[in-house]
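Student: Got a minute to go through this one with me? I'd like to start with the overall layout.

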Amino acid sequence: MRHIVHLDLDSFFVSVERLQNSSLIGKPILIGGNSDRAVVSSCSYEARKYGVSSAMPMRMAKMLCPDAIIVRGDMEVYSKYSNMVTDIIDEDAPLYEKASIDEHYIDITGMDRFHGSLKWTSELRQRIIRETGLPISFGMSPNKTVSKIATNEAKPSGQLEVEQERVKPFLNPLSISKIPMLGQKSYHLLRNMGVAIIETLGAMPVEMMIRVLGENGRSIWEKANGIDNAPVVPYTERKSISTERTFEKIQWVL
Ligand SMILES: [Mg+2]
């Protein structure tokens, strides 16, 4: 049985902006450009209440939330804070993967023989909050997919452990939109078939999923059933550089 942790900074870009300018605390914030083609890279929870979300056109976001403060964003500063978080994890964690600028996976399998794994992870989270000033949440479970979903359920500023026997009861009532990597197109296809929650998806014959969604069908079906054998791939510096280049090239979105 593996123990996989997913750590994700809460509305990361917004949190960094608030560390630099405390007058932004408690207000609806949109991070992104102001041109006609700009999209929202990140937004505060106060803005989300108006229906704003990441990747939405900035013009639409401004219509939904006219009082929002728009901040251009500074990738260099975000990278600096991201690396601070990675450095703390690097000091404490046996095996970790930097999955994106604000997300890490840690494999702590076997550690519970020495420390409680939940206690260890809670302490790591508290250390990150204390030393960087950034809010962060985590999920912990036997695999990456369930841990990522658990993090999203725990947010903001939360933590959630899902043990093996709780995986199915945890996933079953959730919307299929909570499955990481389920694209918009697949989501609408499934919704049109009447599939709304993960329990329904997981109970479909896998062959049917493959017929409907193609190659991706099997992996989505496995995720709906709490199955994910993907390993935590150790972080390397080279990979981080190419990740950051990608962020500059494409419109970065959190
Ligand atoms: Mg995040």
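**Domains and helices**

Tutor: Sure: the protein splits into domain 1 (4–10 + 75–166), domain 2 (13–71) and domain 3 (172–224), with bounds from an automatic or database domain assignment. It's a predicted model, where local features need pLDDT of at least 70, side-chain atom pairs count only at pLDDT 80 or more, and totals for chains, interfaces and linings use all residues. Residues are numbered from 1 along each chain as its sequence is written.

Student: How many residues does the contact take from domain 1 and from domain 2?

Tutor: Nine from domain 1 and five from domain 2, where contact means C-beta atoms, placed from the backbone, within 7 Å.

Student: And which helix gives the largest share on the domain 1 side?

Tutor: Helix α4 (residues 75–92), with three residues; helices here are DSSP runs (H or I, at least four residues), and strands are E runs of at least two, numbered from the N terminus.

Student: Switching to α1, is that mostly covered or not?

Tutor: Mostly covered: seven of the nine residues in α1 (residues 12–20) are buried, meaning 20 or more other C-beta atoms lie within 10 Å of a residue's own, with C-beta atoms placed from the backbone.

Student: What do the buried residues of α1 pack against?

Tutor: β1 (4–9), β2 (29–31), β3 (42–43), β4 (69–71) and α4.

Student: Back to α4, which residues there meet α5?

Tutor: Tyr 81, Met 84, Val 85, Ile 88 and Asp 92. Their partners in α5 are Leu 124, Arg 127, Ile 128, Glu 131 and Thr 132.

Terms used: Two residues are in contact if their C-beta atoms, placed from the backbone, lie within 7 Å. A residue is buried if 20 or more other C-beta atoms lie within 10 Å of its own, exposed if 12 or fewer, and partly exposed in between; C-beta atoms are placed from the backbone.
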